[in-house]
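Please open the model in your viewer and keep a selection box at hand. The stops below can be followed in order.

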Amino acid sequence: MPYSSGPDSGSRVIHEGNLREFYMKPCESIFCPRPTRWIAILTSLALHAAGPASAGTGRLIVQVRDAGTGRIIPARLVLRSGNGQYPGDRIGLGGENRAGIEAHGVFIGGEGSFDLPAGRTSIIAAHGATYDTDSTELDVPSGGTITAELKLRRGLDMRALGWVGGDAHVHMIHGENQRPTGYEDVATACRAGGLDWAYVNQEYTGAGRLDLAGYEAECRKVSTEGFRLLVGGERPKSLLGHHALIGVADPFVVPDDPPYYRAARAVHDQGGVLFNVHPVRYYPEKKAAGEWLDFPGNNLARELVFDAFLGPSFDGISVLSDDPAYDVAHRLWFNLLNRGLFVPALADSDACFDRPVLSRKAPGFWTTYLHIGPGAPVDHAALATAVREGRTMATTGPLLLFRIDGMISGSTLPPDGRAHDVEIRAYQTHHNWSLATKDAARGTPVGIARVELIRNGAVVKSWEPNSPDATLRWSVDETEPCWYAARAYGTDSRWQIALASPIYFAGRPVTPKREPLITTVRSRVYDFRTGAEREGDVEVRRDGAVLARFKARGQFRVRMPLDAEITVTAAGCPAMRKELLLDYAPVHRFLWYLRGEDLGRPETLDRFESLVHQVDLEFPLGYRMPGGYIAAELRGDLNFRRVQLLDAPPQSEAGGIAVAAILLDKEQVGPGDRINLAAIFHDERDPAGTQSVRLLVEGRAYDPARPSGFSPLKTFGRIEREWATAVDLGGGYRMITGPLVVPDWARPGPVGEIEVDGRAIGGGRERGHIGLRIPMGPMRRGLAVASAWPTMPLSWPDHNYGVGPLRVCGKAGRLGQPRSDYRRLHLRLETDDGRFDLRPDRDGTGCPDADDAVFIERFADQVLDEESHLARREPIRPQPPIVWRETPIVDATGRRTNWRAD
């Protein structure tokens, strides 16, 4: 199990006790108190003194220059004062920590002023891996000032060779909010770490106040001739894994929701690329501090297995992440390459600047070098193109240049049987994290310990130069397609590693994308109520393009790409759409139960390919899911003031305030439309009582003038009452009603929908929650019903696992789960449109076949709860045996070959 410095930005989801930091050890997960004492220490050791030094202290001024040009350059300093402390330390790695690395640092733009204890002080200065370090010792005078000038010699000029180093996974505000930060703070650390570029991720200083142009302006202010700070994002991001973006013009409109291939299309349409970060990090574990977690393993790249068979839909993976020597990550990379996929290697830090210390995640510790050409501008297009063409080198210290016949990573050479010259240069003069120039254990100079030439995942040649600068040559001859990559280990072979992306041998240039895997889908079309076969119009689409249209009677078969979507329509029924990631239970179950080590096994990809070779889907036309459905079409708006409660679940023995149901009169809305609604709450005998409970419903929509990383949808309206003033429906039930008007500024944004959240708040916490989404588009009236139940799917961070046409979900976690099944509500509405009798459990009951299709294929309300031990499984009636007929196969591929043969 790799190490982790803590949770990814899931920490922005606030629960009780969230001011804790997760650390992951091998085979366990524990809570550790956050080192909040660092806040006071950092404050007291202000780096830029405002006045003269006091008695017992002196002032140290440090200047760092390029030894060749004499220009002042940003630098990381290790200051060790006479009392053995490291003033202002932003890294905070002591030798006793799990990593076994002593690493400290403060970051300056070239010159820094420090008030330090008088006495002997040592200084080490560094500017990333391409410069050698410099050091000195001096005596800081009591009450006086002394100046130190350090000069750094450039060892290997990567930029002159066309390579620029950076990091696309740097969080300005990760969610801890334990120290102030901003663009200057991030840029200074990145520049001092030797980076040429960095993408700042969510959240962003100025969120809620700045628009996209405003964020970009803030980045330009802190960019320099030698460094570019750019607006990026860790998106898409949910329970199925996380990605970082490069070269995306507007990251705020990239959705977090799976399927991720839709987000990938949005990224590619903008000219950008995306790659999986910390792909094998199974974090958090299922249990922490003795408690079951709602979202175990939400950092793991579960959907990567699905998306790999799409060509892949992603553009690379971070092989060096968390623990650079973790062999599972390396083997995952090899497995993907061995299946003929074009997947360059990258590195990511996951630095979090609102934490007191950066620890092992400091900028410059994990660097991706991209070849953009000597003198080329560092911009979105150049960086994205380099990734797209495979011109990458990932490192945590060593610099690695890899060529075959003078061609760099991403190139293709012919397998012509000739001898081809391999040249590898590896360079490292100091430990890039500790800044040591000698190995602590052996006392020998830091350098390159081992270099490997890798063919199709196997080491075919290795060298042990034990030198800071090594140029190595070899010869290879190939008569069949294959790939070669290079790997270098520093003296510290656990933490100092570099990977050069592959050079390929093939009969024609290897392209970044293949055609997606083709699967055969066998489907049934029948009536939701009776189970009788029905005729329907079938449409197969992929990425907006229609691949096939045909009529089906009862059953059909179709060959289609794995990421295609099937829609079946029939007279008098809403269209039913299904895709294979979230609507085919065997796929999602397979992915959900993966662990990090599974991704390193080639048989995992084999098992998945076998699983989707043939897929069975059911289309019960007219189906209604009891948790969320459209009960009726409407001629006009509804007034919900006349609601009668005919029957309902009784009070439970121990519960809170449940949001039992939400009723609306719209199923699709646009700017200016009015949504009339009623929200029904239930007192589940909470011991704290209900007098101080606040009931509210909020509407949220995307505002392009106020984009943000966290909570991308902004509140536009609220209906609110105290429990005592809400309408009493009897039996412990209360209701609030009112309108929400969609504002003119609302746009589809990353989700294409507006959000409506019902919440009960009391005792300082959220005691109940139900959320739903309404698609944006031309206004359509419809009586929509959303009800809560104990196995209602929980969703993180947004509505990734909402079910039904309104994507009903909960987000309050275990504390806010309802005890009663409110699909048993029986409501009567008297309206101008007529009388409506609503009973979700009755309205959503179909034939056993349909129950199986809904509750097995629409599985989310079972799988997540089962994994987190949150609630019991949903009972499912037995299904009659299916009699499949051999029907003609409709080809919706446009080609005839399968994935392996392409």
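Which residue in S9 is the bridge partner of Arg65? Select Arg65 together with Lys151, since Lys151 is that partner in S9, and bear in mind throughout that this is a predicted model.

Next, widen the selection to strand S3 (residues 57–66), which pairs with S9 in the parallel sense over eight bridges. Adding S6 completes an open sheet of three strands, in the order S6-S3-S9 and with mixed pairing. Strand S6 (111–117) and strand S9 (145–152) each have a single partner strand and stand at the edges, so one side of each has no neighbour in the sheet. Looking along this sheet, you will find neighbouring strands turned against each other by 25 degrees on average, with direction ignored.

Now colour the chain by pLDDT, for which the average is 90, with 91% of the residues scoring at least 70. Residues 1–52 call for caution, as their pLDDT is below 50, although this stretch has 138 contacts in the model beyond near neighbours in sequence.

Then turn to the largest nonpolar core, which has 121 residues; those touching the most other members are Leu229, Phe306, Trp333, Leu336, Phe556, Ile566 and Phe608. Helix H6 (residues 327–338) supplies the largest share of this core, namely seven residues. Centre the view on Phe608 and, leaving aside residues up to four places away in sequence, display what Phe608 touches: Val305, Phe306, Phe309, Leu562, Val587, Phe590 and Leu591.

Finally, select Tyr629, Ala631, Leu729 and Leu827, which are among the 65 residues of a second, separate core.

Notes
Residues numbered from 1 in each chain as written. Predicted model: local features only at pLDDT ≥ 70, side-chain atom pairs only at ≥ 80, totals over all residues. Heavy atoms only, no water. Core = buried A, V, L, I, M, F, W, Y, C linked by side-chain atoms within 4.5 Å. Buried < 20%, exposed > 50% of the residue type's maximum accessible area, 1.4 Å probe, protein only. Helix = DSSP H or I, 4+ residues; strand = E, 2+ residues; numbered from the N terminus. Contact = heavy atoms within 4.5 Å. pLDDT = per-residue confidence, 0-100. Pairing = 2+ DSSP bridges. Axes fitted to C-alpha atoms, helices over the stretch in contact; angles between N-to-C directions.
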